[in-house]
Amino acid sequence: MTEYLLSGSLWWDGRFRTGEALRVEADGRAMPVPLADVPEAAPRRRFPGTLLPGLTDAHVHAALVDLATVRAGGIAAVWDLGGVPERLAELSRRPGLPRLRYAGPFLTAPGGYPSDRAWAAPGSWREISSAVDATAAVAEAQAGGATLIKVVAHAGGPQLRPFTLTAVVDAAHDRGLEVVVHAEGAGTVSAAYQAGADILAHTPWTEPLDRALVAACAERMRWISTLDIHGWGVPTREQATAVANLRRFLEYGGRVRYGTDLGNGPHFFYGLQWWFFGVLAVFGFLYLAYDEWRIGTGRKPPRAQDGPRSQIARSIPPSTGSITPETNDDAGESRNAAARPNSSGSP
Ligand SMILES: [Zn+2]
């Protein structure tokens, strides 16, 4: 049955709205409508304050955090980017938690990251050493409930050969799964791009990226922000490098998702990190995730007519310094409306 949600104001599809209600269809699709269009007898619920869509943290490690607290903090859905599939499947069925979409284990080279890290539980990574392995690992992950594939390109240890990395991506795409790459260190972003990967788990932070590479990434990839893993609130060189790379990525029209890498590091606040948005605003862009409608079903990202989503996300072209509302693209992620390189070459 269609119902209407009434509140003092709405933030929906990247716009602050007053004088509108949210119409929610029986299947969950939602859209703002003028208050005058709310039928007299229609079921309705009233809320105080401003009604926001469900917000997604696109990079967490769900088994390492208290998901109930994350939900209480304002996060409606999370993407787990590396964990033990059985544990994640169990968490995804538990009521009262954010909706959970997960990638299954890190796929990595024998002895590669994160198999040598204390926080990585046995089963949260899977070593692969050939294209056959890669194909089998992707199939296993999907059979375990993964709707994304996470793969590692880490210059600080044993790495997958390009051919194997490409085989992971091909196997995932054959199964309708997107591939998220942990790219860390020289040459790894390029390797991820050339393999055909869809998403970077982190904004690259180890070095300033070549402009042409950033432009190429912006054409096709999405980057997950995770800016605060560098310093945890204290500015660092790595954070400055990541911010510069991210700004350039946005200048070229790249799409960004909000993600925190929650569970991996000393986060002191679970949930929506409002103070973090302040940091982003200072740097000249501000963005957030949107509701991933029918999350975890392995379907393609939603289109505008498919369901509730929003975009608090927006970017501010550095050349103007003003906030420019913009519309979502089909994937509902942050995209710089200017979509062109900054001719000054900054930052
Ligand atoms: Zn992570």
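# Walking through a predicted model

Trainee: In S3, which residue is the bridge partner of leucine 5?
Mentor: Keep in mind that this is a predicted model. Strand S1, residues 3–12, is joined to strand S3, residues 20–24, by three bridges, and the two run antiparallel. Within that pairing, the S3 partner of leucine 5 is leucine 22.

Trainee: S1 also pairs with S5, so which residue in S5 stands opposite leucine 10?
Mentor: Six bridges join S1 to S5, residues 44–51, and here the strands run parallel. Opposite leucine 10 in S5 you'll find leucine 51.

Trainee: And S2: which residue there is the bridge partner of tryptophan 12?
Mentor: S1 and S2, residues 15–17, pair in the antiparallel sense over three bridges. They form a hairpin with two residues between the strands, and aspartate 13 in it takes a positive phi near 50°. The S2 partner of tryptophan 12 is arginine 15.

Trainee: Is the β-α-β crossover from S7 to S8 left-handed or right-handed?
Mentor: Start with the strands: four bridges join S7, residues 77–80, to S8, residues 99–102, and they run parallel. The chain gets from S7 to S8 through helix H2, residues 85–93, and the crossover is right-handed.

Trainee: Which residue in S8 does aspartate 80 stand opposite?
Mentor: Stay with the parallel pair S7 and S8. Opposite aspartate 80, in S8, is tyrosine 102.

Trainee: What span would you expect for helix H4 at 1.5 Å a residue?
Mentor: H4 covers residues 162–174, which is 13 residues. From its first C-alpha to its last it reaches 18 Å, close to the expected value of 18 Å.

Trainee: Which residue just after H4 takes a positive phi?
Mentor: Look past the end of H4, where phi is about 75°. The residue there is glycine 176.

Trainee: Which helix gives the most to the largest nonpolar core?
Mentor: That core has 71 residues, and Val168 and Val181 are among those that touch the most other members. The buried residues of H4 include Leu165, Val168 and Val169, and what covers the buried residues of H4 includes strands S11 and S12 and helix H5. Nonpolar side chains tend to be buried together in soluble globular proteins. With six residues, the helix that gives the most is H4.

Trainee: Leaving aside its neighbours within four places in sequence, which residues is valine 181 in contact with?
Mentor: Valine 181 is one of the residues that touch the most other members of the largest core. Its contacts beyond those neighbours are Val151, Ala153, Ala192, Ala197, Leu200 and Ala201.

Trainee: Why are the buried residues of H6 on the same side of the helix?
Mentor: In H6, residues 211–220, the buried ones are Val214, Cys217 and Ala218. An α-helix has 3.6 residues a turn, so residues three or four places apart point the same way. On the other side of H6, Ala212, Glu219 and Arg220 are exposed. The buried residues of H6 are on the same side because they cover an arc of only 100°.

Trainee: What do those buried residues of H6 pack against?
Mentor: We've just named them as Val214, Cys217 and Ala218. They pack against H5 and helix H7.

Trainee: Which proline follows the cis peptide bond from tyrosine 113?
Mentor: Most peptide bonds are trans. This one is cis, with omega near 0°. The proline lies in the loop between S9 and S10, and it is proline 114.

Trainee: Is proline 122 buried or exposed?
Mentor: Proline 122 sits in the loop between S9 and S10. Valine 84 is 38 residues away in sequence but 7.6 Å away in space, C-alpha to C-alpha. To judge burial, count neighbours: 12 or fewer other C-beta atoms within 10 Å makes a residue exposed. Proline 122 has 8, so it is exposed.

Trainee: Is threonine 226 buried or exposed?
Mentor: Threonine 226 is in the loop between S14 and H7, and it has a positive phi of about 45° although it is not a glycine. The cut-off for buried is 20 or more other C-beta atoms within 10 Å. Threonine 226 has 26 such neighbours, so it is buried.

Trainee: What about aspartate 261, buried or exposed?
Mentor: Aspartate 261 lies in the loop between S15 and H8, and its phi is positive, about 60°. With 20 other C-beta atoms within 10 Å, aspartate 261 is buried.

Technical notes. Residues are numbered from 1 along each chain as its sequence is written. This is a predicted model: local features need pLDDT of at least 70, side-chain atom pairs count only at pLDDT 80 or more; totals for chains, interfaces and linings use all residues. Two strands pair if DSSP finds at least two bridges between them. A crossover is right-handed if, with the strands pointing away from the viewer, the path from the first strand over the helix to the second runs clockwise. The expected span of a helix is 1.5 Å times one less than its number of residues. Two residues are in contact if their C-beta atoms, placed from the backbone, lie within 7 Å. The arc is that of the directions from the helix axis to the C-beta atoms. A nonpolar core is a set of buried Ala, Val, Leu, Ile, Met, Phe, Trp, Tyr and Cys residues joined through C-beta atoms within 7 Å.
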